[in-house]
Structure formats: structure tokens, C-alpha cells
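Here are my notes on the model you sent over. I've kept them as numbered points so you can check each one in your viewer.

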Amino acid sequence: MAQIKVIDTSVNVLTIENNDFISLTDMAGAKKDEVRAADVIKNWIRTRYTI
């Protein structure tokens, strides 16, 4: 598993069959409070590209 650094936050990157997947949990954890972290997850779920 590799890691990238995004605005002073380490985000895990997993590669499966030449496809890269980033950790949404790592990105949400970078937010200052739980409410904003939950917003990251909620906004990601709302996009039409999620499923």
C-alpha cells in the first residue's frame, strides 16, 4: 500500500489490478471536527459516480 501526501495529510492508496483506490476515511479524518468529516463522506455518497 502506498501513501500520498495531500495538504499535509497522508492518504493511503491501494492498487488492485492496475486500478488505484484512495482512502476516503483518511481524507475525512483530516478534517478538524467530526461534523466536517461526516460531510466528506456524505458528499462522496451523493455523487452519481459513487456506484
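**Notes on the predicted model**

1. Let's start at the surface. Ile4, Val6, Ile7, Ile22 and Met27 together make a nonpolar surface patch of about 460 Å². Keep in mind that this is a predicted model, so everything below is computed from predicted coordinates.

2. One patch member to click on is Val6. Val6 sits in strand 1, which covers residues 2-6. Is Val6 buried, partly exposed or exposed? Its relative accessibility is 40%, so Val6 counts as partly exposed; the partly exposed class lies between 20% and 50%.

3. Now the sheet. It is an open one, made by 3 strands in the order 1-2-3, with antiparallel pairing. Strand 1 and strand 3 (19-22) are the edge strands, each pairing on one side only. From one strand to the next, the twist averages 35°. As a general reminder, strands of a sheet pair through backbone hydrogen bonds, either parallel or antiparallel.

4. How many bridges join strand 1 to strand 2? There are 5, and the two strands run antiparallel, with strand 2 spanning residues 9-16. If you want to check the register, Ala2 has Val13 of strand 2 as its bridge partner, while Lys5 stands opposite Ser10 in strand 2.

5. The other pairing goes the same way to check. Strand 2 and strand 3 pair in the antiparallel sense over 4 bridges. For the register here, look at Thr15, whose bridge partner in strand 3 is Asp20.

6. The turn between strand 1 and strand 2 deserves a look at its backbone angles. These strands form a hairpin with 2 residues between them, and Ile7 in the turn has a positive phi of about 45°. Ile7 is also one of the residues in the nonpolar patch from point 1. Asp8 lies in the loop between strand 1 and strand 2 as well, and its phi is near 65°, a positive value in a residue other than glycine. Asp8 counts as exposed because its relative accessibility is 71%, and the exposed class begins over 50%.

7. What about the turn between strand 2 and strand 3? That is a hairpin too, with 2 residues between the strands. Glu17 is in this loop, and its phi is near 50°, again positive in a residue other than glycine. With a relative accessible area of 73%, Glu17 is exposed. If you run a Ramachandran check, Ile7, Asp8 and Glu17 are positive-phi residues to look up.

8. Last, the charges. How many salt bridges does the count come to? It comes to 1 salt bridge. The partners are Asp39 and Lys42, whose closest N and O atoms are 3.4 Å apart; the cut-off for such a pair is within 4 Å. Both residues belong to helix 2 (residues 34-46), and because they are 3 residues apart there, about one helical turn separates them.

9. A word on how open that pair is to the outside. Asp39 has a relative accessible area of 31%, so Asp39 is partly exposed. Lys42 is at 41% relative accessibility and likewise counts as partly exposed.

Methods: Residues are numbered from 1 along each chain as its sequence is written. This is a predicted model: local features need pLDDT of at least 70, side-chain atom pairs count only at pLDDT 80 or more; totals for chains, interfaces and linings use all residues. Side-chain values use heavy atoms; hydrogens and water are left out. Patches are made of residues with over 30% relative accessible area and no salt bridge: like charges are joined within 9 Å, nonpolar side chains (Val, Leu, Ile, Met, Phe, Trp, Tyr) within 5 Å. Accessible areas come from the Shrake-Rupley method with a 1.4 Å probe; for residues, only the protein chains shown count as cover. A salt bridge is a side-chain nitrogen of Lys or Arg within 4 Å of a carboxyl oxygen of Asp or Glu. Buried means under 20% relative accessible area, exposed over 50%, partly exposed in between (1.4 Å probe, protein chains only). Two strands pair if DSSP finds at least two bridges between them. Axes are lines fitted to C-alpha atoms, for helices over the stretch in contact, and angles run from 0 to 180 degrees between N-to-C directions.
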